[in-house]
Amino acid sequence: MPHKDRGIKPAPIEIPNHTLSETRFSPTSFLPDVNEMAFEDESGMEESQRISREIDERILESKRALDKKKKSVQILLLGQSESGKSSVLKNFLLTFAPKQFHRERAIWKTVIQLNLIGSIKKLLEILQEEWETVDVDSPPQPNNNLRRIRLGLTPLLFIETNIMKLISPDTRFSHDLCVRSGGDWKATLMAHASIPQPSSPVDRKRTSHRDHGNKPIDPTSVLAASKDDIIVLWKDQSVRNLLSRRGVRMEEMSGFFLNDIDRIASAHYEPTNADIVRARIRTLGVEEHHFVIEKGIDKGIEVYITDVGGSQTQRARWIPYFEDVQTILFLAPLAFNQMLEEDQNVNRVEDSLMLWKEICRTKLLAKAVILLFFNKRDVLQATLAAGVQVKRYVPSYGDLPNEITHVTKYFSDKFKGYHRKLSPLTRPFLCHETSAIDTESMESLLMGVRETILRINLQEGILL
Ligand SMILES: Nc1nc2c(ncn2[C@@H]2O[C@H](COP(=O)(O)OP(=O)(O)OP(=O)(O)O)[C@@H](O)[C@H]2O)c(=O)[nH]1
Ligand SMILES: [Mg+2]
């Protein structure tokens, strides 16, 4: 996998412009006298020995890094966009490296605030569109209170624009928050993250002024000042009717926090673990994460997790990361009634099956163990509970019971069949139903997954 190289590749060795041979065999016309030559020769020898020692040290260093990496656990997360790859990654951190997870709390706070502002922005855009729709017979009657609220929320949108300029590439093609690949956005957000407010009201006032000056992109105080307006906007019946007329289901969108305004738009908001896992940032490109297991019998083992962007245009970038991969976590939510965001003609389960087939048959991945996660179990449960019929979307499902156990078994058999048929070498079919937003159940599941991965690595002699 390329990340191996990135970590291990020896730092470029700087060879001086004059090579050793040049130093010794300079043109005769420039030959110094004998004494001088002896001196030059000695210092030249010293220099060459120093360079040679340096090269040896670097090679040794690289070898040590390579050995260390070989003894580590490497996981590649695959699956379509919004399948929950980055959410599973957060659960890994929370379970095995909680200190590292907590260090990034302030960053996630801003992301959650941005998700909330993104939803508010969407609501306002829908309202604006409605107000601008000219119907000769019955022109829309804008609600004055909503107009006032819209105006009052302008500073919030302004702050969002400022943050996005700092951390995000062009987001025109997605409603999600995207960030530039690499860890820079995290450093940027960390630098601007809000500090906890002091408890005394006088101090609070003072700090909030100072904060405003030092951290012009911290949305905390503006969100807190707009809280009541946001609640009115989200609870307004005419807004709800408008959303339902347009078939917009905000609750089903990634990064939905409008039902938590009271908590999140508060001056003292601190994100919970569940908030952090629910925060949405679309992954662009490939991101490599590294952590060290902080506790338990595996303490000290290094884990490298590669998280990829799952939308169709991102998939070609996965291939260079297939080399030498030990374990793949493939996420496939059983969203049989949903289409891909980037292509409304492609059913999500069909897309996952197509991807699954590709991954199973890839020769480069023949030795990799693949764990299949039917993620978003909670969503499947809610969809079935709402009476959505599988056979309406998957005719071959026929009259089997529209119930989670049967639905899961039906799709599991399909995935298993392709796995057996297409894998170039025999390997076990390992499948779990997961809900990445349920951090407690994920913790025990990931403990089990760790056992599986470590056992496999031991069999391969990697962690010995
Ligand atoms: N309800 C529910 N939401 C989930 C679950 N897993 C992830 N999500 C949410 O789904 C959204 C998308 O999850 P991500 O982890 O960002 O998806 P991804 O696969 O990394 O997507 P890309 O980066 O676009 O490839 C986020 O808002 C998550 O909080 C789940 O099991 N249940
Ligand atoms: Mg992602």
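**Exercise 1. Determine where Lys299 lies and whether it is buried or exposed.**

*Solution.* Step 1: in this predicted model, Lys299 is found in the loop that joins β2 and β3.

Step 2: the burial class follows from a neighbour count. Lys299 has 10 other C-beta atoms within 10 Å, and a residue with 12 or fewer is classed as exposed. Lys299 is therefore exposed.

Step 3: apart from neighbours within four places in sequence, the contacts of Lys299 are Ile293 and Glu294.

Step 4: a separation in sequence can be set beside a distance in space. Lys299 and Phe96 stand 203 residues apart in sequence, while their C-alpha atoms are 8.8 Å apart.

**Exercise 2. Describe the protein chain by its secondary structure, its share of buried residues and its contacts between residues at least 6 apart in sequence.**

*Solution.* Step 1: the protein chain contains 19 helices and six strands.

Step 2: of its 464 residues, 30% are buried.

Step 3: consider the contacts between residues at least 6 apart in sequence. Of these, 77% link residues at least 24 apart.

**Exercise 3. Identify the residues with the most contacts inside the largest nonpolar core, and locate this core relative to the domains.**

*Solution.* Step 1: the largest nonpolar core comprises 80 residues. Those with the most contacts inside it are Leu77, Val111, Ile328, Leu329, Phe330, Leu334 and Ile359.

Step 2: helix α6 (residues 105-132) provides the largest share of this core, 10 residues.

Step 3: the core receives residues from domain 2 (71-97 + 293-459) and from domain 3 (105-278), so it lies between them.

Step 4: Ile328 serves as an example. Beyond residues up to four places away in sequence, Ile328 touches Leu76, Leu78, Ile359, Leu365, Ala368 and Ile370.

**Exercise 4. Characterise the shell around ligand 1: which residues are closest, which helices contribute, and why does it lie between two domains?**

*Solution.* Step 1: ligand 1 is surrounded by 25 residues, of which Gly84, Ser86, Thr283, Gly310 and Ala436 are the closest.

Step 2: at least two shell residues come from each of α4 (85-96), α14 and α16 (377-385). The most are given by α4, with three residues.

Step 3: by residue class, the shell consists of 14 polar, seven charged and four nonpolar residues.

Step 4: domain 2 (71-97 + 293-459) and domain 3 (105-278) both contribute residues to the shell around ligand 1, and therefore it lies between them.

**Exercise 5. Place Thr283 in the fold, and decide whether it is buried or exposed.**

*Solution.* Step 1: Thr283 is listed by UniProt, in an unreviewed entry, under "binding site". Thr283 is also one of the residues closest to ligand 1.

Step 2: the loop between α14 (273-278) and β2 (286-292) holds Thr283.

Step 3: the cut-off for a buried residue is 20 or more other C-beta atoms within 10 Å. Thr283 has 21 C-beta neighbours inside that distance, so it counts as buried.

Step 4: with residues up to four places away in sequence set aside, Thr283 touches Ser86, Asp307, Val308 and Gly309.

**Exercise 6. Explain why Asn375, Lys376, Arg377, Asp378 and Ala436 gather at one spot, then examine Lys376 and Arg377.**

*Solution.* Step 1: the unreviewed UniProt entry lists Asn375, Lys376, Arg377, Asp378 and Ala436 under "binding site". These residues span 62 residues in sequence, but no two of their C-alpha atoms are more than 9.3 Å apart; they therefore gather at one spot.

Step 2: Lys376 is placed in the loop between β5 (369-374) and α16, and Arg377 is in helix α16.

Step 3: Lys376 is buried because 26 other C-beta atoms lie within 10 Å. Arg377, with 20 C-beta neighbours inside 10 Å, also counts as buried.

Step 4: neighbours within four places in sequence are again left aside. Lys376 is then in contact with Gly84, Pro333, Ala335 and Ser435, and Arg377 touches Glu433, Thr434 and Ser435.

**Exercise 7. State what is notable about the phi angles of Asp324 and Lys376.**

*Solution.* Step 1: most residues other than glycine have a negative phi.

Step 2: Asp324 is not a glycine, yet its phi is positive, at about 65 degrees. Lys376, likewise a residue other than glycine, has a positive phi near 65 degrees.

Step 3: Asp324 lies in the loop between β3 (302-308) and β4 (327-331). With 14 C-beta neighbours inside 10 Å, Asp324 counts as partly exposed, whereas Lys376 is buried.

How values were computed: Residues are numbered from 1 along each chain as its sequence is written. Chains are lettered from A and ligands numbered from 1 in the order in which they are written. This is a predicted model: local features need pLDDT of at least 70, side-chain atom pairs count only at pLDDT 80 or more; totals for chains, interfaces and linings use all residues. Helices (H or I, at least four residues) and strands (E, at least two) are DSSP runs, numbered from the N terminus. Two residues are in contact if their C-beta atoms, placed from the backbone, lie within 7 Å. UniProt positions are given in the numbering used here, feature names are shortened, and annotations may be inferred rather than shown by experiment. A residue is near a molecule or strand if its C-beta atom, placed from the backbone, lies within 6 Å of it. Ala, Val, Leu, Ile, Met, Phe, Trp, Tyr, Cys and Pro count as nonpolar, Asp, Glu, Lys and Arg as charged, and the others, Gly among them, as polar. Domain bounds come from an automatic or database domain assignment. A nonpolar core is a set of buried Ala, Val, Leu, Ile, Met, Phe, Trp, Tyr and Cys residues joined through C-beta atoms within 7 Å.
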